[in-house]
There are 2 protein chains.
Amino acid sequence: MTEFEQLLRASDLRVTRPRVAVLAAVHEHPHADTDSIIGAVREKLAEVSHQAVYDVLRALTTAGLIRRIQPSGSVARYESRVGDNHHHVICRSCGSIADVDCAAGEAPCLHASDDHGYTIDEAEVIYWGTCPDCSTAAQLTH
Amino acid sequence: MTEFEQLLRASDLRVTRPRVAVLAAVHEHPHADTDSIIGAVREKLAEVSHQAVYDVLRALTTAGLIRRIQPSGSVARYESRVGDNHHHVICRSCGSIADVDCAAGEAPCLHASDDHGYTIDEAEVIYWGTCPDCSTAAQLTH
DNA sequence: CTCGGATCTTGATTCATTCAAGAAAATGCG
DNA sequence: CGCATTTTCTTGAATGAATCAAGATCCGAG
């Protein structure tokens, strides 16, 4: 509780119950989509509007307290691991997401072979594949 | 013309005028979104339904003739460069996209530090930053 | 040329997300 | 502590990319 309040205050964000609840929900459900977060928030704090959750998610993302990811074909998802330059593996079959530490360390990961004059501040990597469960399921079917 | 027909036939796809037109449009407008593609297609072939374009884009993507990319906060975009394992730089300010060859070559690019048991078949990299034009514009403002 | 199945047209629908206006709540100050 | 100011939340509607559905049309094998 107090931990989340401190995070909010440190970012100059007003501390409100919806914000604390959303922040807690994102911490407890990594990679959850907005709808799941709304559900999780309402378990602790009934009657929070979906609009409030959208607003809070945007505010927290802008402040850098959470990160928004949106893989192709998916709705927006959020996670609380920020600032550690990690990436994601996503299962093409079931959509499950797992964290992957950056193999290249920090700086090299930002290096593009030819940046076309762009000033690059982040490299986002998504590994696409099949998760263990879906691999097993596929083999059983054959 | 014939080139696109051949591509379609090689993938066991029926050759129709909407398909040839969409394939040409994607080749001529890299990173275009669906709406732009619909516009480009209709310049050559008036009265093509948007539904047809959606269907064709999906068929071409499934066949591997084009690639679909969908950066966070953007609608789906398509490009004709496939199979060469290249990546993208995207401007946070104006949304412009440029191609970047994979710095790591081919195989290493697919290597994750810990794959969590996932079978990885593709590594998608998006470099986020500011394009030359927007960088210049920002300096002039200061 | 003809048939069957794939593809396209037309029109409606879904659903994540955003917009808008007013009510409620949080912070700073007296 | 209590008020004023500003932000944040609620309610309700709107947007827009993408999908669904049913029937017409077209492609290509035989």
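**Two chains and two DNA strands**

Trainee: Which element gives the most to the surface near DNA strand C?
Mentor: That is α4(B), with four residues. Keep in mind that this is a predicted model.

Trainee: Which other elements supply at least two residues there?
Mentor: From chain A, α3 (34–44) and α4 (50–63) do. From chain B, α2 (17–28) does, along with α4 (50–63).

Trainee: And which residues come nearest to strand C?
Mentor: There are 23 residues around DNA strand C. A:Ala76, B:Thr16, B:Ser49, B:Gln51 and B:Ala52 come nearest.

Trainee: How does that surface split by class?
Mentor: Nine residues are nonpolar, seven are polar and seven are charged.

Trainee: OK, strand D. Which residues come nearest to that one?
Mentor: A:Thr16, A:Ser49, A:Gln51, A:Ala52 and B:Ala76, out of 22 residues around DNA strand D. Two or more residues each come from α2 (17–28) and α4 of chain A, and from α3 (34–44) and α4 of chain B.

Trainee: What supplies the largest share near strand D?
Mentor: α4(A) does, with four residues. By class, the surface near DNA strand D has nine nonpolar, six polar and seven charged residues.

Trainee: Switching topic. How many residues does each chain put into the contact between chain A and chain B?
Mentor: Chain A gives 34 residues and chain B gives 34 residues.

Trainee: On the side of chain B, which elements give two or more?
Mentor: Four strands and a helix: β2 (67–69), β4 (87–91), β5 (97–100), β6 (119–130) and α5 (132–141). β6(B) gives the most, with 12 residues. That side of chain B has 16 nonpolar, 11 polar and seven charged residues.

Trainee: What does β6(B) pair with in chain A?
Mentor: With β6 of chain A, residues 119–130. The two strands run antiparallel, and 11 bridges join them. For one pair to find on screen, A:Gly129 has B:Ile120 as its bridge partner.

Trainee: Now helices. How do α1 and α2 of chain B pack, parallel or perpendicular?
Mentor: Their angle is about 110 degrees, and their axes are 10 Å apart. Angles of 65 to 115 degrees count as roughly perpendicular, so α1(B) and α2(B) fall in that group.

Trainee: Which residues make that contact?
Mentor: α1(B) uses B:Phe4, B:Glu5, B:Leu7 and B:Leu8. α2(B) uses B:Arg19, B:Val20, B:Leu23 and B:Ala24. Six of these residues are nonpolar, none is polar and two are charged.

Trainee: Let me pick a residue. Where is A:Val48?
Mentor: A:Val48 sits in the loop between α3 and α4 of chain A.

Trainee: Why does A:Val48 count as partly exposed?
Mentor: Because A:Val48 has 17 C-beta neighbours inside 10 Å. A buried residue needs 20 or more, and an exposed one has 12 or fewer.

Trainee: What does A:Val48 touch?
Mentor: Leaving out residues up to four places away in sequence, A:Val48 touches A:Pro18, A:Ala21, A:Val41, A:Arg42 and A:Val53.

Trainee: And how far is A:Val48 from A:Pro132?
Mentor: 37 Å, C-alpha to C-alpha, with their positions 84 residues apart in sequence.

Trainee: Last one. What is chain A made of?
Mentor: Five helices and six strands. From the N terminus, the order is α-α-β-α-α-β-β-β-β-β-α. Its C-alpha trace spans about 45 × 45 × 25 Å along the principal axes. Of the 142 residues in chain A, 26% are buried.

Key:
Residues are numbered from 1 along each chain as its sequence is written. Chains are lettered from A and ligands numbered from 1 in the order in which they are written. This is a predicted model: local features need pLDDT of at least 70, side-chain atom pairs count only at pLDDT 80 or more; totals for chains, interfaces and linings use all residues. A residue is near a molecule or strand if its C-beta atom, placed from the backbone, lies within 6 Å of it. Ala, Val, Leu, Ile, Met, Phe, Trp, Tyr, Cys and Pro count as nonpolar, Asp, Glu, Lys and Arg as charged, and the others, Gly among them, as polar. Two residues are in contact if their C-beta atoms, placed from the backbone, lie within 7 Å. Two strands pair if DSSP finds at least two bridges between them. Axes are lines fitted to C-alpha atoms, for helices over the stretch in contact, and angles run from 0 to 180 degrees between N-to-C directions. Angles under 35 degrees count as roughly parallel, over 145 as roughly antiparallel, 65 to 115 as roughly perpendicular and the rest as oblique.
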